[in-house]
2 protein chains.
Amino acid sequence: MGEADIIQGVFAPLAAGFEGAFGLKDDAAAIRPPIGCDLVVTVDAVAAGVHFFSDDDAADIGWKALAVNVSDLIAKGAAPHAYVMSLAFPEMPDKAWLLGLATGLAEAQRAFGITLIGGDTDRRPGPVSITITAIGFVPAGQMVKRTTAKAGDHVFVSGALGDSALGLTLRRDGAMSAPFTVSAVHRSDLIGRYLRPRPPLALVPALRDFASASMDISDGLVKDLTRMADASGVGALIDCEALPLSDAARAVVASHPSEMASIATGGDDYQVLATVSPQHVAAFVAAACVAGVTVSEIGRIIVGHGVAILGPDGNAISFDSTGYDHF
Amino acid sequence: MGEADIIQGVFAPLAAGFEGAFGLKDDAAAIRPPIGCDLVVTVDAVAAGVHFFSDDDAADIGWKALAVNVSDLIAKGAAPHAYVMSLAFPEMPDKAWLLGLATGLAEAQRAFGITLIGGDTDRRPGPVSITITAIGFVPAGQMVKRTTAKAGDHVFVSGALGDSALGLTLRRDGAMSAPFTVSAVHRSDLIGRYLRPRPPLALVPALRDFASASMDISDGLVKDLTRMADASGVGALIDCEALPLSDAARAVVASHPSEMASIATGGDDYQVLATVSPQHVAAFVAAACVAGVTVSEIGRIIVGHGVAILGPDGNAISFDSTGYDHF
């Protein structure tokens, strides 16, 4: 297969139905923006050995590569629309692997309402990497920022935290030597959350209407909340007992309390971290409920600096690591 | 330096003045599209050892990474507007190198009227790579396609061909063993064209108004014209003697006629290949002239299939390689 065969044989079906993708037969794509909308643009790369395992199922890799980008759009209050993808391989992968990748991308496209419109493939040394630039729409001026949290705002997260970090430990655990034991069902749940993050698309309208600030949690709650607080010039107090846990994570923490650190600082949650001013809290919670998205209030924004996670005794908990750093 | 230091210390100045870049302090950027315009989106990656040399000047690497993307926008008739950049390094480069990269990007930004609005950095094994997604504007529905060349159209290219391919040979030529000799001035000219491609921004209005099809030449004239002809369901006849050569390339070919193959099939030209219907040829040439861009008529689109390059005797010339393939 040459580049043209890959594009037409494997990826062109992902662009079907999007007029401005030109069947992936042109050098660029065209997007017709709705009148009165801004485009929101984000880029994230995933690479084998860093963000996924080389032997992960190709469909899971495709899902994740797209979902981590959609996660940023959602947290900004943007409706996902289209993406371009740059692929790099050290050696041409076999067609079955590429078709698997495309299957996972197609599943994520359907789940998040986004379409492939263009890309680039290259052979070069190093790990397989997938760089996606995702584009969404918001009403003009309504992108939800990370820099606008205010003292007094309530802090919310969507979904459950830490599943993916625990799932990563289990996924790594060829020798079954993870520092905790779980049932087969919980093991499968947690690994599934690591492999297939599901950012809460349905939360977009609630974020746009009611969040004072928002970002996705990709490098761990503590690190990402610290970034939001720093960018907004405020501090945050978080109630450790309010962090939302899945049944599987709850079972792990019940028997291995030290794993709470994974919940608070592990990466790859791809949930939304949002702040909401007191007068909008009820409306935000109601809108999330109508959308079918679980949101949990986990603390408050305060005057000050830094993030403190308070334990049941009211004392701040400190963690060895505060989260994932890209360097 | 951590990721935040790189972004704020090195790259944030590149985003200055673009409101929707939010000083590179947010997770995404916002673009406000002009009413009645489509966005044109393209992505291209460059990597050390594949598209540039590790010891190229960092500023040249930055220039090229952006220019190769702008080249696609220009060939589509789009006015460059904004870009996002995903950087991958095996080890954190030193700050001087990063500042050099930013200097080259800044120079290209000024030359092409485009601004950095977001990005992503990651440490991973493999070569340094820079993946840029560039976004431009065209009046709605006016992106110039590669699939719409028609039999009878005249074939034009901008600028001069082959300088970059000859420059690459010289740039590689540590042992001064290139298959041709050149003066010091011509050597410097040719290497400069390889390091700093200059796609013809000023040609955008002429392309939009008069080209029936257009694409940039990145993988060599023969390969890219074949792609355009195939995509349009036509063939092409090219007059080898009409290919535009710089003084430096002309000197090389005069003494080493076999280097004509580099002119016709070498990559990295980043010039525009455009077709123009007979009734628009005079207006296209006049518009290019007014814009200060050299365009040369090199042949015709014909009913049929494939591309033939005709020599002075009227016979088709065949080349060992038809151009650069990404795999």
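Buried, as used here, means under 20% relative accessible area. By that yardstick B:Cys37 is buried in this predicted model, because its relative accessible area comes to 16%. The sulfur of B:Cys37 has no bonding partner: the closest cysteine sulfur, in A:Cys37, sits 15 Å away, too far for a bond. Since a disulfide calls for two cysteine sulfur atoms within 2.5 Å, that pair does not qualify. The tally over all chains is zero disulfides. Another cysteine, A:Cys240, is also tucked away, and it counts as buried because its relative accessible area is 9%.

Now for the interface between the two chains. Chain A and chain B each put 56 residues into the contact. The size of an interface is often given as the accessible area lost when the parts come together. For chain B and chain A the buried area is about 4,800 Å², with 60% of it coming from carbon and sulfur atoms.

Charged and polar pairings also turn up across this interface. Eight salt bridges are counted between chain B and chain A. One of the salt bridges joins the side chains of B:Arg146 and A:Asp27, with N to O at 2.5 Å. As for polar contacts, 19 residue pairs make them across the interface, both residues being at pLDDT 80 or more. On the side of chain B that touches chain A, several elements supply at least two residues each: helix H1 (3-11), strand E1 (29-31), strand E2 (37-47), strand E3 (79-89), strand E4 (115-123), strand E5 (129-139) and strand E7 (211-217). Strand E2 of chain B gives the most to that side, with ten residues. Sorted by character, the residues on the side of chain B that touches chain A come out as 26 nonpolar, 13 polar and 17 charged.

Back within chain A, a serine is worth a look. A:Ser246 lies in the loop that runs between strand E8 (235-239) and helix H8 (247-255) of chain A. With a relative accessibility of 16%, A:Ser246 falls under the 20% cut-off and therefore counts as buried. The side chain of A:Ser246 reaches the backbone nitrogen of A:Ala249, at 3.0 Å. Leaving aside residues up to four places away in sequence, A:Ser246 also touches A:Ala160, A:Asp163 and A:Leu190.

Notes
Residues numbered from 1 in each chain as written. Chains lettered and ligands numbered in written order. Predicted model: local features only at pLDDT ≥ 70, side-chain atom pairs only at ≥ 80, totals over all residues. Heavy atoms only, no water. Buried < 20%, exposed > 50% of the residue type's maximum accessible area, 1.4 Å probe, protein only. Helix = DSSP H or I, 4+ residues; strand = E, 2+ residues; numbered from the N terminus. Polar contact = N/O pair within 3.5 Å; in protein donor to acceptor, adjacent residues only side chain to side chain. Contact = heavy atoms within 4.5 Å. Buried area = accessible area lost by both parts, 1.4 Å probe. Salt bridge = Lys/Arg side-chain N within 4 Å of Asp/Glu carboxyl O. Nonpolar A, V, L, I, M, F, W, Y, C, P; charged D, E, K, R; others polar.
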